[in-house]
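Subject: Structure for you to look at

Dear colleague,

Here is the structure I said I would pass on. My notes on it come below the display.

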Amino acid sequence: MLFVVDKNLNNVYSYQLSQAIGDDFTRRGRLFVVNAVGGYGSRYDRTRFDSPGKIVVAGEAVFIEDTGNKCFKAFDKNLNWKATSLSNTLFDQASSFAGLGYSSTTNQIFGVSKNKLFVLDITNSVGLLSGVSYDLSGLLTGTDEIIGLQFAHYDPQIFYVLTKTKLIKKWVTKPNKNIGIYSNSGLGGFNFQWMANTSYRDWE
């Protein structure tokens, strides 16, 4: 299943990928909307949003950053609403997230915004969030800024924080520690911004 956010229309869509790559030639290479929720609304409107941002699939739940309403809204994979996590404190620190990712190892959502790393606990089965933040400003120099977060495909214990000039390698279970820091110039001019943009959609 592929989940896509349309920030301008305040909508979220789900698509069935298996149809696009299956044996039925009439559907091959085409995406069809399976479910959709949205429209403009407040934090108290369960299936409406004000400028939805990043989206992350966490186990059986789909978490959507409702940026304008300063909350996260959790849905099941059929886009049925499950819970809304209200956190003015969190969104005062993170007006919007540059990247979100899910760790199945720890059942936590990791996010980056401005100069901070956030580790959010999924506190119960319906998807309420609480967590802690780590200050990464000491790793940023000049006009450098955080632009994304990516979990390693080869090792679920490792994730990366991406900035405009470097890649910071970290342990999932010790997010306050760094494994290594790699500069952009040492990676052959790797285009970090392209990777960061993939966080506007998520899939299982």
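The notes cover model confidence and then one strand with its two neighbours.

This is a predicted model, in which local features need pLDDT of at least 70 and side-chain atom pairs count only at pLDDT 80 or more, while totals for chains, interfaces and linings use all residues. Residues are numbered from 1 along each chain as its sequence is written, and side-chain values use heavy atoms, with hydrogens and water left out.

Confidence: pLDDT is the predictor's confidence in each residue, from 0 to 100. The protein has a mean of 82, with 79% of its residues at 70 or more. Residues 190–204 fall below 50, and this stretch has 40 contacts (heavy atoms within 4.5 Å) beyond near neighbours in sequence.

Strand E5: helices (H or I, at least four residues) and strands (E, at least two) are DSSP runs, numbered from the N terminus. E5 spans residues 61–66, and six of its six residues are buried (under 20% relative accessible area, 1.4 Å probe, protein chains only). Ala-61, Phe-63 and Glu-65 point one way, and Val-62, Ile-64 and Asp-66 point the other.

Pairing: two strands pair if DSSP finds at least two bridges between them. E4 (residues 52–58) runs antiparallel to E5, with five bridges. Their hairpin has two residues between the strands, and Gly-59 takes a positive phi near 65°. E6 (residues 71–76) is also antiparallel to E5, over six bridges. That hairpin has four residues between the strands, with Lys-70 in the turn at a positive phi of about 55°.

Val-62 links the two pairings: it stands opposite Val-57 and opposite Phe-75 in E6.

Regards

How values were computed: Buried means under 20% relative accessible area, exposed over 50%, partly exposed in between (1.4 Å probe, protein chains only).
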